Amino acid sequence: RAKTEGKDTYRYFEASMGAEARDKRVMEHELRQAVARQEFYLVYQPQKEISSGKMVGFEALVRWRHPTRGDVSPAIFIPVAEDSGAIGQIGEWVLTAACEEAARWENPLTVAVNVSAVQLHNTNFSRKVHETLLNSGLAPGRLELEITETALVKDMPRALATLRQVKALGVRVAMDDFGTGYSSLSNLRAFPFDKIKIDGSFIKSVDKNGQVAAIVRAVLGLGRGLGLPVLAEGVETLGELKFLDAEACEIGQGYYIGRPALIEEFGDLTGVVAPAVGSKPATLRDRS
Ligand code: C2E
Ligand code: MG
Ligand code: MG
Ligand code: MG
């Protein structure tokens with residue numbers, strides 16, 4: 001459309017691109033201050049064994065409470081933070097907060113933390129992980145790092161060396177969003193993953209769509225052949241869960257199994273008893 005409608009449209013298009021670039025610079029600037037201003041917090045989403053419904057762990061998901069714009073999705077701000085370099089600081093905050101939180105749980109569940117490509121390629125990444133484990137007191141076997149394939153392709157030898165270093169600490173690594181990247185199969189062979197997370201886009205309507213079902217069955221077969229458990233992301237319906245159970249998919253995560261929420265909401269699962277309701281400080285809402 002922009003082409004056929006001539007110059008004015010093109011200029012308008014250019015102007016809006018400029019505005020976008022400005023927005024991005026503003027956001028980059030805000031992100032650099034956001035850690036110090038304590039604008040980030042974590043929500044946790046349950047991961048459960050499908051056959052038994054038993055809880056196995058939580059994925060920590062970062063949230064940015066922007067002072068004026070409200071909650072900003074990580075899908076929007078993580079890429080900006082990666083471009084600007086702010087991801088280093090943000091990623092360290094996430095790792096520290098998640099490990100400190102998990103170390104408090106009575107139940108020795110795992111905590112899964114997303115690691116961005118930029119973080120993974122920082123020279124001292126494995127040292128940071130080691131220090132965080134020591135400082136938090138979390139057993140290394142309870143930490144799982146979720147890494148996407150795009151994080152691997154940038155510099156494969158370096159990514160491999162880093163994954164080997166964190167694995168040597170006793171930390172586990174999961175391939176995140178499996179099926180959406182490229183050269184997935186060779187990556188599975190080349191890198192020492194402990195788990196495959198099938199992307200949610202392949203779980204949507206898996207019980208109703210034969211093509212999607214064929215893909216998911218193939219990934220489950222792959223996991224079995226490689227001796228890797230498979231986690232299905234984005235399980236939204238009972239039908240999808242039943243399909244995964246029938247196909248012996250090991251672990252499930254998604255709105256049907258449990259929505260991401262503040263860890264206090266999961267006291268029954270973590271074994272950490274929340275303070276009595278009456279002891280909470282009054283909030284504006286309580287008084288209104
Ligand atoms: P991801 O690691 O694949 O995380 C799963 C995303 O799917 C989360 O979105 C989660 O809220 C959402 N989700 C969970 N269950 C369902 C479901 O049943 N249906 C649907 N439609 N969605 C579901 P979220 O929290 O918005 O995060 C988006 C992405 O941002 C994450 O994808 C991850 O790549 C990135 N991200 C989140 N937290 C962090 C972080 O601390 N560090 C880094 N580097 N990236 C993060
Ligand atoms: Mg993830
Ligand atoms: Mg994912
Ligand atoms: Mg994702």
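This passage looks at the surroundings of ligand 1 and at the magnesium site of a predicted model.

A good place to start is the pocket. Ligand 1 sits in the largest pocket, where 20 residues surround it. Among these, Arg 63, Asn 114, Asp 176, Glu 236 and Tyr 255 come nearest. Sorted by class, the shell around ligand 1 holds eight nonpolar, five polar and seven charged residues. Three elements each supply at least two residues of this shell: strand E2, spanning 55-66, helix H2, spanning 74-84, and strand E6, spanning 172-178. The largest share belongs to E2, with four residues.

Several polar contacts can be picked out between ligand 1 and the protein. The side chain of Glu 59 has an N or O atom 3.1 Å from an oxygen atom of ligand 1, and for the side chain of Asp 177 the corresponding distance to a ligand oxygen is 3.0 Å. Tyr 255 takes part through its backbone, with an N or O atom 2.8 Å from an oxygen atom of ligand 1. Taken alone, ligand 1 exposes 800 Å², and the protein buries 78% of that area.

Attention now turns to the metal. The magnesium ion, ligand 3, has protein donors from Asp 176 (OD), Asp 177 (OD) and Glu 233, the latter listed twice through OE, at 2.0 to 2.4 Å. Along the sequence, these donor residues follow the spacing D-D-x55-E. Asp 176 also links two metals, bridging the magnesium ion that is ligand 3 and the magnesium ion that is ligand 2. These two ions lie 3.9 Å apart. Asp 176 thus appears both in the metal site and among the residues that come nearest to ligand 1.

How values were computed:
Residues numbered from 1 in each chain as written. Chains lettered and ligands numbered in written order. Predicted model: local features only at pLDDT ≥ 70, side-chain atom pairs only at ≥ 80, totals over all residues. Heavy atoms only, no water. Near = heavy atom within 4 Å. Polar contact = N/O pair within 3.5 Å; in protein donor to acceptor, adjacent residues only side chain to side chain. Areas by Shrake-Rupley, 256 points an atom, 1.4 Å probe, with all protein chains shown as cover. 1 Å grid on protein atoms, 1.4 Å probe; cavity = no way out; pocket = protein on both sides within 12 Å on 5 of 7 lines; lining within 4 Å. Sits in = over half its atoms within 2 Å of the grid points. Nonpolar A, V, L, I, M, F, W, Y, C, P; charged D, E, K, R; others polar. Donors = N, O, S within 2.8 Å, 3.2 Å for Na, K, Ca; no water.
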